[in-house]
Amino acid sequence: MPTKSLERWNNDGAHLEDLLKKAGYTTTLQYADNKVDQQITQLQNMINQNAQILVVASIDGTALGPVLDKAAQQKIKVIAYDRLINATPNVDYYATFDNYQVGKLQGEYIVKQLGLDAGKGPFNLEPFAGSSDDNNAKFFFAGAWDVLKPYLDSKKLVIPSGKKLASDADWKNVSIDGWSSQKSQAEMDNRLNSFYTGGKKVDAVLSPNDSLALGIEQSLESKGYRTGAGWPIITGQDADLANTKNILAGKQSMTVWKDTRALGDQVAKMIDQIVKDQPVETNDTKTYDNGVKVVPAYLLPPVVVTKDDVKSKLVDSGFYTASKLGL
Ligand code: GAL
């Protein structure tokens, strides 16, 4: 797993390891503190310990070619977890959520809430994208931008910070490395200081995930924005605890929830199928070309969560207890 400092990976690792242990597998779970070299060393150690299957949520999906060559020499199977591994033939399967759909849901939410589809506008939008080394970030941004771009073209949406985003290929112009809350807060501070003077207000922020949204929300508050009228539409992803509480408090508008338990369940199933030499279940054999081959994938559906359905979606499903959310 990439890091413990981004909340969801703790859930991912714990759930998957628990499932595998219960199924009788010997497991090694490692976190790499968002350091690529550390992750490569961890993989090399697992290969030296004769692991049969590697499940890898990569930090930089383009950096694992050499170590996975070694895995292939030992006929070790590799499952890319949540994030695609690129530029190598030595990845067998990919399990994730529909990453493009995540962004599409965020874009559609902004359109609906602002009433852009009803001809309203113009509105001030500030877009952000995820970490430049994360293959998912490209898909999140493309999904959102394909929805929002027509409104930028019609000037119903404007970007006062002037970020150059002629197409979704420009996503790295607004990427925040490491998915860092501190960096997103600093970036938002800078935009507000430089481009939002004379009473100009932000109407919407495209935040690709919750850790970035948290920094952005702290920046807005520090610049005098207050929840209620005048607080911008803010998107998110992952249903992190602090952000879910912010949604209940009106400080974030939505998050795209990806039930990490379902992803763990699917990967555990894939591992069983590999070990029993059965066909491995996939439902997308077209989308995820890693530059060397199209990796057969299993995509899970992401779900929008707002203030109105935190209980029905996150509490009733057991993802959070009501008391944990202060409900
Ligand atoms: C992405 C992942 C998101 C988000 C982000 C930061 O790859 O799909 O769920 O967590 O990383 O960890």
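The exercises below, each with a worked solution, concern a predicted model.

**Exercise 1. Salt bridges**

Determine how many salt bridges the structure holds, and work out which parts of the chain the pair Asp134 and Arg83 ties together.

*Solution.* Begin with the total, which is 20 salt bridges for the structure. Turn next to Asp134 and Arg83, whose side chains meet in a salt bridge with an N to O distance of 3.0 Å. Asp134 belongs to the loop between β4 (123-127) and α5 (135-153), while Arg83 belongs to the loop between β2 (77-81) and β3 (93-97), so the pair ties together parts that are 51 residues apart in sequence. Both Asp134 and Arg83 are buried.

For a second pair, take Lys35 and Asp33, which form a salt bridge whose closest N and O atoms are 2.4 Å apart. Lys35 is partly exposed because its relative accessibility is 42%, and Asp33 likewise counts as partly exposed at 42%.

A third pair consists of Asp259 and Arg261, with closest N and O atoms 2.8 Å apart. Here Asp259 is buried at a relative accessible area of 17%, whereas Arg261, at 23%, is partly exposed; the cut-off that applies to this step is that buried means under 20%. Finally, salt bridges with shared partners join Arg8, Asp12, Asp82 and Lys258 into one network.

**Exercise 2. The crossing of α7 and α8**

Describe how helix α7 and helix α8 are placed relative to each other, and state which residues make the contact.

*Solution.* Two packed helices are described by the angle between their axes and the distance between the axes. For α7 (residues 210-222) and α8 (residues 241-248), the axes come within 9 Å and cross at roughly 55 degrees. Angles of 65 to 115 degrees would count as roughly perpendicular and those under 35 degrees as roughly parallel, and α7 and α8 are therefore oblique to each other. The crossing in which α7 passes α8 is left-handed. On the side of α7 the contact is made by Asp210, Ala213, Leu214 and Glu217, and on the side of α8 by Ala242, Asn243 and Asn246. By class, these contact residues divide into 3 nonpolar, 2 polar and 2 charged.

**Exercise 3. Surroundings of Leu157 and Ser161**

Establish whether Leu157 is buried or exposed, do the same for Ser161, and list the contacts of each beyond its neighbours within four places in sequence.

*Solution.* Leu157 lies in strand β5, and with a relative accessible area of 1% it is buried. Beyond its sequence neighbours, Leu157 is in contact with Leu114, Leu116, Phe123, Leu125, Leu148, Tyr151 and Leu152. Its C-alpha atom is separated by 6.8 Å from that of Gly121, although the two residues are 36 residues apart along the chain.

Ser161 is placed in the loop between β5 (157-158) and α6 (181-195), and it counts as buried at 8% relative accessibility. Its contacts, with sequence neighbours within four places left aside, are Glu126, Arg191 and Phe195.

**Exercise 4. Backbone exceptions**

Identify which residues are joined by a cis peptide bond, and compare the settings of Asn34 and Asp277.

*Solution.* Most residues other than glycine have a negative phi, and most peptide bonds are trans. Gly121 and Pro122, however, are joined by a cis peptide bond with omega of about -5 degrees, and Pro122 is in the loop between α4 (99-114) and β4.

Asn34 has a positive phi of about 55 degrees; it is found in the loop between α1 (7-22) and α2 (36-48) and is partly exposed at 27% relative accessibility. Asp277 also has a positive phi of about 55 degrees, but its place is in the loop between α9 (260-275) and β9 (297-300), where Asp277 counts as exposed at 73%.

Key
Residues are numbered from 1 along each chain as its sequence is written. This is a predicted model: local features need pLDDT of at least 70, side-chain atom pairs count only at pLDDT 80 or more; totals for chains, interfaces and linings use all residues. Side-chain values use heavy atoms; hydrogens and water are left out. A salt bridge is a side-chain nitrogen of Lys or Arg within 4 Å of a carboxyl oxygen of Asp or Glu. Buried means under 20% relative accessible area, exposed over 50%, partly exposed in between (1.4 Å probe, protein chains only). Helices (H or I, at least four residues) and strands (E, at least two) are DSSP runs, numbered from the N terminus. Axes are lines fitted to C-alpha atoms, for helices over the stretch in contact, and angles run from 0 to 180 degrees between N-to-C directions. Angles under 35 degrees count as roughly parallel, over 145 as roughly antiparallel, 65 to 115 as roughly perpendicular and the rest as oblique. A crossing is left-handed if the near helix is turned anticlockwise from the far one by less than a right angle, and right-handed if clockwise. Contact means heavy atoms within 4.5 Å. Ala, Val, Leu, Ile, Met, Phe, Trp, Tyr, Cys and Pro count as nonpolar, Asp, Glu, Lys and Arg as charged, and the others, Gly among them, as polar.
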